[in-house]
Amino acid sequence: MLPIYSTTMKSITVIDVTRERARDLCELCVPRAKRDDPNWLKGAAEKEQWVLERLDEWGQVAKLAYDGSIPVGMIQFRPNPEEEVVWIDCIWVPEERYWGKGVATRLLADLLAAVTRPLAWFANRQPLAVVTKTFPGGAKNQLTAREFFTRRGFRQVGPDPDLLFHPLVEGFVHRPKIKPPANYRPQEEDRGRVLIVCGPNPCPATYPLFLKRMESYIRELDADVPISWLDAARNPEEVKIRQLTVGDCVVNRHLMRSFVLDREGFQKEALLALQNYQDDENRNRSD
């Protein structure tokens with residue numbers, strides 16, 4: 001079992017996120033300096049919609065740590081019934097004055113206590129493990145996510161140093177199932193334009209840091225190409241018919257595979273897709 005560390009702050013309490021506390025969770029995820037930024041506000045609204053939908057579907061989605069009435073940390077998770085594991089998507093303590101005080105450890109301990117028993121998620125069976133995929137890097141004076149989890153007994157899964165698991169059943173070793181790549185179905189009206197899929201999703205940073213960045217990088221390549229935003233909540237059929245999901249980007253009927261934070265790779269792939277359209281147009285005019 002994972003050792004349970006006590007927090008050094010006696011005022012900290014950990015509470016399950018409910019519909020009434022969804023706003024606290026979403027606002028905590030937005031950096032203080034960005035709380036008036038319209039793109040971050042949209043990202044927070046999309047996350048809040050996702051949280052409310054998941055609460056209806058799963059009953060639980062996250063826990064919040066409070067110092068009195070102030071939310072200071074969170075852990076967000078989800079069931080994976082197919083693999084009989086619980087995924088931790090994020091653990092976050094944004095304010096430096098709460099680092100090293102045991103807040104994140106308390107959040108993790110509360111989650112483990114909650115899942116180390118039979119759960120309705122898994123047909124009243126106990127999950128086999130808790131799994132997480134950490135992001136590399138970390139702030140100065142703060143443990144990286146990988147350091148945090150490995151210090152608390154999580155083990156590496158295969159060759160990926162950021163894929164970690166903590167068994168809840170003795171002897172269990174997590175072997176993640178490989179999902180097939182997305183199977184985008186091109187539509188004729190997608191030719192010569194860009195589609196970016198937005199909508200409810202688990203992270204408020206998705207819209208400002210990923211989707212708007214996609215738009216910006218494509219605009220640097222072509223200032224005139226039409227860019228359409230498909231909202232998965234408002235236009236579910238448009239998203240479904242293409243077999244897309246929130247975060248996908250299509251350029252001239254080509255589903256982008258490069259991660260947007262790899263600016264060079266993303267723009268190289270997008271430029272090729274845009275050039276293919278121009279080549280087709282030139283051939284059509286020649287004919």
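A pocket is an open set of grid points where a 1.4 Å probe fits, with protein on both sides within 12 Å along at least five of seven lines, and its lining residues have an atom within 4 Å of a point. In this predicted model, the second largest pocket is lined by D24, E27, L28, R32, R35, I70, P71, V72, P94, E95, R97 and Y98. Two elements, α1 (22-28) and β3 (70-80), each give two or more residues to that lining. The volume of the second largest pocket is about 150 Å³.

The chain as a whole provides the setting for the details that follow. Its secondary structure comes to seven helices and eleven strands, and its C-alpha trace spans about 75 × 45 × 35 Å along the principal axes. Of the 287 residues, 44% count as buried. Among contacts with a separation of 6 or more, 66% are accounted for by residues 24 or more positions apart.

Helix α2 (residues 38-58) contains R54. The relative accessible area of R54 is 16%, and R54 is therefore buried, since the limit for that class is under 20%. The side chain of R54 is joined to that of E57 by a polar contact of 2.9 Å. Beyond residues up to four places away in sequence, R54 touches G59 and V61.

Helix α3 can be described by its length and by its burial. It has 13 residues and reaches 19 Å from its first C-alpha to its last, close to the 18 Å expected at 1.5 Å a residue. This helix is mostly covered, with ten of its 13 residues buried. Those residues are V103, A104, T105, L107, L108, A109, L111, L112, A114 and V115. An α-helix has 3.6 residues a turn, so residues three or four places apart point the same way.

The loop between α3 (103-115) and β5 (129-133) holds W121. With a relative accessible area of 17%, W121 is buried because this value falls under 20%. Leaving aside neighbours within four places in sequence, W121 is in contact with W58, Q60, F77, P79, P81 and V86. Two of these partners can be described further. A polar atom of the W121 side chain lies 2.9 Å from the backbone oxygen of W58. P81 is 40 residues from W121 along the chain, yet their C-alpha atoms are separated by 6.5 Å.

A123 is also found in the loop between α3 and β5. At 53% relative accessibility, A123 counts as exposed because its value is over 50%. Although A123 is not a glycine, it has a positive phi of about 55°. R253 likewise has a positive phi, near 65°, in a residue other than glycine. R253 lies in the loop between β10 (249-251) and β11 (254-255), and its relative accessible area of 29% makes it partly exposed.

H174 is placed in the loop between β7 (160-167) and β8 (194-198). Its relative accessibility is 2%, so H174 counts as buried. Apart from neighbours within four places in sequence, H174 is in contact with E83, V85, V131, V157 and F165. G158 is 16 residues from H174 along the chain, and the C-alpha atoms of the two are separated by 9.2 Å.

Helix α5 (residues 206-221) combines an agreement in length with a bend. At 1.5 Å a residue, its 16 residues should span 22 Å, and the end C-alpha atoms are indeed 22 Å apart, so the two values agree. Nevertheless, α5 bends by about 30° at R213. The buried residues of α5 are T206, Y207, P208, L211, M214, E215, Y217 and I218.

The last residue to consider is E238, in helix α6 (residues 236-242). E238 has a relative accessible area of 34% and is partly exposed, because this value lies between the 20% and 50% limits. E238 and K177 are 61 residues apart in sequence, with a C-alpha to C-alpha separation of 29 Å.

How values were computed: Residues numbered from 1 in each chain as written. Predicted model: local features only at pLDDT ≥ 70, side-chain atom pairs only at ≥ 80, totals over all residues. Heavy atoms only, no water. Helix = DSSP H or I, 4+ residues; strand = E, 2+ residues; numbered from the N terminus. Buried < 20%, exposed > 50% of the residue type's maximum accessible area, 1.4 Å probe, protein only. Polar contact = N/O pair within 3.5 Å; in protein donor to acceptor, adjacent residues only side chain to side chain. Contact = heavy atoms within 4.5 Å. Expected span 1.5 Å × (residues − 1). Bend = angle between axes of the 7 residues up to and from the residue. 1 Å grid on protein atoms, 1.4 Å probe; cavity = no way out; pocket = protein on both sides within 12 Å on 5 of 7 lines; lining within 4 Å. Points joined across faces, edges and corners; volume = space filled by probe spheres on them.
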